[in-house]
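Reader: I would like a close look at a single part of this model, namely the metal site, set out carefully and then placed in its surroundings. Please take me through it step by step.

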Amino acid sequence: MDMTESELQAFHEHLHENNFQGQWEKHESDSKEPRLEPHRWEWDDIVASLNRSKDYISLDDMGPGSRRALVLDNPAEGIDLRGPCWTMLTAVQMVIPGEVARAHRHNFEAFRFIVQGNDSVVTNVNGEKLPARTGDLLLTPRMAWHDHINNSSEDVIWIDGLNTPFITDALHDMHFEEFQSDRQSASHESGYFESQFGTMQPVAETPTDDTPPYRFPWESARQSLEMAVTEDNHYDPHNGYFLEYVNPRTGQGPVLQTISLRLQLLQSGEETQSHRHNNTEIFHVVSGSGESTIGGKTYTWEEGDFFVVPPMRWHDHSVTSSDDVILFNITDSPIFDAFNLRRTESKDA
Ligand SMILES: [Fe+2]
Ligand SMILES: [Fe+2]
């Protein structure tokens, strides 16, 4: 073949004008595969910035989707991403006394893990007022109406987790609706969802595994974790004592359709074995302190901090506190599992 560079280029242009492209053509992006970075966010910095936001923003002046929330951003350069990873958005939300985060719903599923809560703070999900007590996990499944009200005299802070990047950036399927008023009325008795989707469920002609609205109280989650330690069950050398929240509809994990939520307990002095996997893990330190080696670099952490382990980075955890460590672990493994794409490697294997 005796073709000049300009003739080849003219051929490519001809293809492009006709909405074709040669599979052999090079793309600029081929040579620089975007890569997320590990990172640790300190709790004190998060709280200080949320406190500063009181001087700058009022939810009353903003749209119904606005929340007093800090999105944890991945520090990787050259990446246009809102959140710590490709599939999940993690944010820390503060609701100040008297504040109302207005009612809306959307096609991304969400959870809240309450870091500082109390009985007078409620998240109304589809008409049931769920109290937001410290350590509780509240589910806001896709298309569930939700608003938040702080009737107490203290700031409350929780973790917001959503699958927004997966839905909007990968699937480009964004659906958002504003409720007809700022707040929903209470159309269900307290405890309704727990009574209908826990151990007793409505007899369904068409079974579904859709996650319902739900509240997992901290007391029972902690008890499950402590019982695993007492009985020495469910121990994983890469994760310590390792339990997963379940979808109340099915009694099995994952708790949401695209996000699995776990609790891990690492005992004082423990060092986990290194492993890596293609699902991302975002950790929040519920209690205790320690350090993690992620991709060859060590990150120290203490109570309240967050850190992210991007895909396929070797990582292990060590406990440095005299108390045991409890980690809240957020991962996108259900997306990989849905397509048999999950890869896990351990150095000991
Ligand atoms: Fe929302
Ligand atoms: Fe891991």
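**The iron site and its surroundings**

Author: In this predicted model, His275 has a relative accessibility of 6% and therefore counts as buried, the limit being under 20%. His315 is likewise classed as buried, because its relative accessibility is 2%. Both residues belong to the protein donors of the iron ion (ligand 2), which are His275 (NE2), His277 (NE2), Glu281 (OE) and His315 (NE2), at 2.1 to 2.3 Å from the ion. Along the chain these donors follow the spacing H-x1-H-x3-E-x33-H, and the pair His275 and His315 links distant parts of the chain, with His275 in strand 16 (residues 275-277) and His315 in strand 21 (residues 315-319), 40 residues apart. The angles among the 4 donor atoms run from 87 to 173°, and the site of the iron ion (ligand 2) is irregular.

As for the wider setting, UniProt lists, in an unreviewed entry, residues 92-160 and 263-330 under "domain: Cupin type-2". Over residues 263-330 the chain is 0% helix and 57% strand, with its end C-alpha atoms 9 Å apart, while over residues 92-160 the chain is 0% helix and 65% strand, with its end C-alpha atoms 6 Å apart.

Turning to the strands, an open sheet is formed by 5 strands in the order 7-6-9-4-11, with antiparallel pairing. Strand 7 (128-132) and strand 11 (176-178) are at the edges and have a single partner strand each, so one side of each is left without a neighbour in the sheet. From one strand to the next the twist averages 30°. Within this sheet, strand 6 (residues 118-125) pairs with strand 9 (residues 146-150) over 5 bridges in the antiparallel sense, and Asn124 stands opposite Asp147 in strand 9.

The aromatic side chains complete the picture, since a search of the whole structure finds 12 aromatic pairs. One of them is the edge-to-face pair of Phe113 and Trp218, with 6.2 Å centre to centre and 80° between the planes. Phe113 lies in strand 5 (residues 110-116) and Trp218 in helix 5 (residues 218-230), so this pair ties together parts that are 105 residues apart in sequence. Phe113 and Trp218 are buried, and ring pairs link both of them with Phe111, Tyr214, Phe216, Tyr245 and Phe328 into a cluster.

Note on methods
Residues are numbered from 1 along each chain as its sequence is written. Chains are lettered from A and ligands numbered from 1 in the order in which they are written. This is a predicted model: local features need pLDDT of at least 70, side-chain atom pairs count only at pLDDT 80 or more; totals for chains, interfaces and linings use all residues. Side-chain values use heavy atoms; hydrogens and water are left out. UniProt positions are given in the numbering used here, feature names are shortened, and annotations may be inferred rather than shown by experiment. Helices (H or I, at least four residues) and strands (E, at least two) are DSSP runs, numbered from the N terminus. Donors are N, O and S atoms within 2.8 Å of the metal (3.2 Å for Na, K and Ca); water is not among the atoms, so sites may look incomplete. Four donors count as tetrahedral if all angles lie between 85 and 135 degrees; four count as square planar and six as octahedral if opposite donors are over 155 degrees apart and all others between 65 and 115; anything else is irregular. Buried means under 20% relative accessible area, exposed over 50%, partly exposed in between (1.4 Å probe, protein chains only). Two strands pair if DSSP finds at least two bridges between them. Axes are lines fitted to C-alpha atoms, for helices over the stretch in contact, and angles run from 0 to 180 degrees between N-to-C directions. Rings of Phe, Tyr and Trp (its six-membered ring) pair if their centres lie within 6.5 Å; planes under 30 degrees apart count as stacked, over 60 as edge-to-face and the rest as tilted.
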